[in-house]
Amino acid sequence: MSTVRTAHLLIKHTDSRNPVSRRTGKQVTLSPEAALAELKHYEQRIKEGGIAETFPVCAKERSDCSSYSRNGDLGHFGVGQMQRPFEEASFALQVGEMSPIVSTDSGYHLIYRIE
């Protein structure tokens, strides 16, 4: 496979490389520990509600990435286009699966493979 299509829910924290939420336009004040705890809450909520149905709602509601406006959808991307931990997790998923929490320089992510 040369490309994948994923959505993600990103929660940034004070140690993120650019700690400004693209959803709110405000400086992020969450500690890494608080961001991780919050994302664990969303992970449980998504699992309980069904990934396909609940992930887009949660990403729109909370993601700190500008993709929140597209329900977290990042579109298609290939190898070398994303930070390595994000890319590796995305390509390892089967269509319809959600990753465990992934840490990158941007913050903490849940990744949902769409295609």
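Arg-62 counts as buried because its relative accessibility is 10%, where buried means under 20% relative accessible area, exposed over 50% and partly exposed in between (1.4 Å probe, protein chains only). The model is predicted, so local features need pLDDT of at least 70 and side-chain atom pairs count only at pLDDT 80 or more, while totals for chains, interfaces and linings use all residues. Residues are numbered from 1 along each chain as its sequence is written, and side-chain values use heavy atoms, with hydrogens and water left out.

Arg-62 belongs to helix H2, residues 51-62; helices (H or I, at least four residues) and strands (E, at least two) are DSSP runs numbered from the N terminus. Its side chain makes a polar contact with that of Asp-64 at 3.0 Å. Such a contact is a pair of N or O atoms within 3.5 Å; within protein, one must be able to donate a hydrogen and the other to accept it, and residues adjacent in sequence count only if both atoms are side-chain atoms. Beyond its neighbours within four places in sequence, Arg-62 is in contact (heavy atoms within 4.5 Å) with residues including Leu-9, Ile-11, Glu-38 and Tyr-42.

Tyr-42 leads on to the nonpolar interior. The largest nonpolar core has 14 residues, and Tyr-42 is one of those with the most contacts inside it, as are Leu-9, Ile-11 and Leu-110. A nonpolar core is a set of buried Ala, Val, Leu, Ile, Met, Phe, Trp, Tyr and Cys residues joined through side-chain atoms within 4.5 Å. Strand E1 (3-11), helix H1 (32-49), H2 and strand E4 (107-113) each supply at least two residues of this core. Its largest share, four residues, comes from H1. Apart from this core lies another, of eight residues, among them Val-4, Ala-89, Leu-93 and Ile-111.

Helix H1 also holds Ala-35, which counts as buried because its relative accessibility is 0%. Leaving out residues up to four places away in sequence, Ala-35 touches Ile-11, Lys-12, His-13, Leu-30 and Tyr-108.

The largest pocket offers about 280 Å³ of space. Of its 16 lining residues, the closest to its centre are Leu-10, Arg-17, Cys-65, Gln-83 and Ser-106. On a 1 Å grid over the protein atoms alone, a pocket is an open set of points where a 1.4 Å probe fits, with protein on both sides within 12 Å along at least five of seven lines; lining residues have an atom within 4 Å of a point. Grid points are joined across faces, edges and corners, and the volume is the space filled by probe spheres set on them.
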